[in-house]
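Hi,

Here is the structure I promised to pass on. Have a look at it first, and my notes on what turned up follow below.

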Amino acid sequence: MTSTPAISASLEDYLEAIIIAARGFGAARVKDIAKLVNVRSASVTGALRSLAEKGLIHYAPYEVVTLTPEGEKLARGVLRRHETLKAFFIKALGAEEAEAESAACKMEHAMPRSLLERLTVYVQALDEPPRAAAEPTK
């Protein structure tokens with residue numbers, strides 16, 4: 001069993017951008033990743049090299065970027081944390097979309113798994129219709 005490499009919040013953002021780009025555009029290209037992370041394309045190269053060295057992505061200049069199975073697992077986790085936090089801020093706290101997006105992006109890196117699981121259950125419960133009161137028995 002391989003251990004998951006520890007990566008910085010910045011590299012987590014790149015993994016998240018790669019999975020979003022792949023889903024949205026059909027493939028993750030450097031220009032798409034740069035747009036999602038809000039940096040110049042030239043700035044993406046170093047991060048992609050680092051992720052490739054850690055075995056999290058397949059990267060070659062001028063080619064599409066793909067996630068390895070381990071990279072996919074990490075990227076899904078980051079995306080899940082982000083989406084759960086954003087949903088919580090909007091549904092439970094009434095935050096505006098932009099504010100919720102910004103806060104989720106900052107907090108997703110520090111969310112412990114145990115709290116994420118609890119928060120996920122809570123957010124899912126917000127989507128469930130209220131239960132009708134039980135009828136009294138005669």
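To start with a residue you may want to find on screen: in which helix is T84 found? The answer is α4, the helix that runs over residues 69–91. Before going further, please keep in mind that this is a predicted model.

Back to T84, then. Is T84 buried or exposed? It has a relative accessible area of 10%, and because the cut-off for buried is under 20%, T84 counts as buried. As for its company, leaving aside residues up to four places away in sequence, T84 touches L116, L119, T120 and V123. If you want to look at that spot on the other side, helix α6 covers residues 113–127.

On confidence, the mean pLDDT of the protein is 88, and 91% of its residues reach 70 or more. Strand β1 (residues 57–58) has the highest confidence, at 96, while helix α6 has the lowest, at a mean of 88. A general reminder for reading any such model: where pLDDT is low, the predicted coordinates should not be read in detail.

Next, the stretch around α2 (30–37). Which residues of α2 are buried? They are V30, D32, I33 and A34. Their cover includes α1 and α3. Just after α2 comes N38, with a positive phi of about 65°. N38 is not a glycine, so to speak of the backbone, that positive value sits in another residue type. N38 belongs to the loop that links α2 to α3 (41–53). With 68% relative accessibility, N38 counts as exposed, because the cut-off for that is over 50%.

There is a second case of this kind. Which phi does Y62 take? Its phi is positive, about 70°, although Y62 is not a glycine. You will find Y62 in the loop between β1 and β2 (66–67). Y62 is exposed too, at 85% relative accessibility.

Last, something on the surface. Which residues make the nonpolar patch of about 270 Å²? I20, F25 and L36 do. Of these, F25 lies in helix α1, which spans residues 9–25.

So that's what I have: a buried T84 in α4, two exposed residues with positive phi, N38 and Y62, and a nonpolar patch made by I20, F25 and L36.

Cheers

How values were computed:
Residues are numbered from 1 along each chain as its sequence is written. This is a predicted model: local features need pLDDT of at least 70, side-chain atom pairs count only at pLDDT 80 or more; totals for chains, interfaces and linings use all residues. Side-chain values use heavy atoms; hydrogens and water are left out. pLDDT is the predictor's confidence in each residue, from 0 to 100. Helices (H or I, at least four residues) and strands (E, at least two) are DSSP runs, numbered from the N terminus. Buried means under 20% relative accessible area, exposed over 50%, partly exposed in between (1.4 Å probe, protein chains only). Contact means heavy atoms within 4.5 Å. Patches are made of residues with over 30% relative accessible area and no salt bridge: like charges are joined within 9 Å, nonpolar side chains (Val, Leu, Ile, Met, Phe, Trp, Tyr) within 5 Å. Accessible areas come from the Shrake-Rupley method with a 1.4 Å probe; for residues, only the protein chains shown count as cover. A salt bridge is a side-chain nitrogen of Lys or Arg within 4 Å of a carboxyl oxygen of Asp or Glu.
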